[in-house]
Amino acid sequence: MGKRLQQQLMPLMVSGDKGISTFPESDNVFKWVVTIHGAAGTVYEDLRCKLSLEFPSGYPCNAPTVKFVTPCYHPNVDTQGNICLDILKDKWSALYDVRIILLSMQSLLGESNIDSPLNTHAAELWTNLRAFRKYLLETYMKQMTSQEP
């Protein structure tokens, strides 16, 4: 399993996909730190979020645990950073690789499933994207300011 993860990690570290960077945490190939930039044209445009990926011993048969480290105000992300995304749960397939997971996470930032929200306040506000973006920027800036040394 470590070899498979190493093979998936190297291309992501070297070239990556637009707006996604990935590195192992402390040289541990089973724990990765990911930075995702919000895609252009979405409410998350110009914002960066850090995520953690932890691979279980049963990977790829079992999905990795993916969590937002940066607080993420989104209908499908709770206050602890847990994510409601079908490919990480009941729709997981051993055929998925890390690149697909990360692109899905980036896509999630621009889209939402407000029918099954983890954050009901964000889901209600999502119906007005201008108001959502305003609130998102206010909370994001407060979080970034409070994290500075």
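A residue counts as buried when its relative accessible area is under 20%. By that cut-off Tyr44, at 1%, is buried, and this residue is a handy way into the structure, which is a predicted model.

Tyr44 doesn't sit in a helix or a strand; its place is the loop between strand S2 (28-37) and strand S3 (48-54). Its ring pairs edge-to-face with that of Phe132, the centres being 6.2 Å apart and the planes at 65 degrees. Phe132 belongs to helix H4 (residues 129-147), so with the two positions 88 residues apart, the pair ties together distant parts of the chain. Phe132 is buried as well, with a relative accessible area of 0%.

Phe132 has another aromatic partner in Trp126. Here the ring centres lie 4.8 Å apart, and because the planes meet at 75 degrees, this pair too is classed as edge-to-face; the class calls for an angle over 60 degrees. Trp126 has a relative accessibility of 12%, which is under the 20% limit and therefore makes this residue buried too. Put together, Phe132 pairs with Tyr44 and also with Trp126, and each of the three residues is buried: Tyr44, Phe132 and Trp126.

There is further aromatic packing to look at. The structure holds eight aromatic pairs. One aromatic cluster is made up of Trp32, Phe55, Tyr59, Trp92 and Tyr96. Of these, Trp32 falls within the range of strand S2 (28-37), the strand that comes just before the Tyr44 loop.

Stepping back to the fold, the chain contains four helices and four strands. Their order along the sequence is α-β-β-β-β-α-α-α, so one helix precedes the run of strands and three helices follow. Contacts across the sequence are plentiful: of those with a separation of 6 or more, 52% join residues 24 or more positions apart.

As for overall dimensions, the C-alpha trace spans about 45 × 35 × 25 Å along its principal axes. The radius of gyration is 15 Å, which agrees with the value near 15 Å that a compact globule of 149 residues would have. Buried residues account for 36% of the 149 in the chain.

On the outside, the chain exposes about 8,500 Å², and 52% of this area comes from carbon and sulfur atoms. Charge is spread with little offset between the two signs: the chain carries 14 positive and 15 negative charges, and their mean positions are 3 Å apart.

Note on methods. Residues numbered from 1 in each chain as written. Predicted model: local features only at pLDDT ≥ 70, side-chain atom pairs only at ≥ 80, totals over all residues. Heavy atoms only, no water. Phe/Tyr/Trp six-rings, centres within 6.5 Å; stacked < 30°, edge-to-face > 60°. Buried < 20%, exposed > 50% of the residue type's maximum accessible area, 1.4 Å probe, protein only. Rg over C-alpha atoms; globule rule 2.2 N^0.38 Å. Contact = heavy atoms within 4.5 Å. Areas by Shrake-Rupley, 256 points an atom, 1.4 Å probe, with all protein chains shown as cover. Lys, Arg positive; Asp, Glu negative; His and termini not counted. Charge placed at Lys NZ, Arg CZ, Asp CG, Glu CD.
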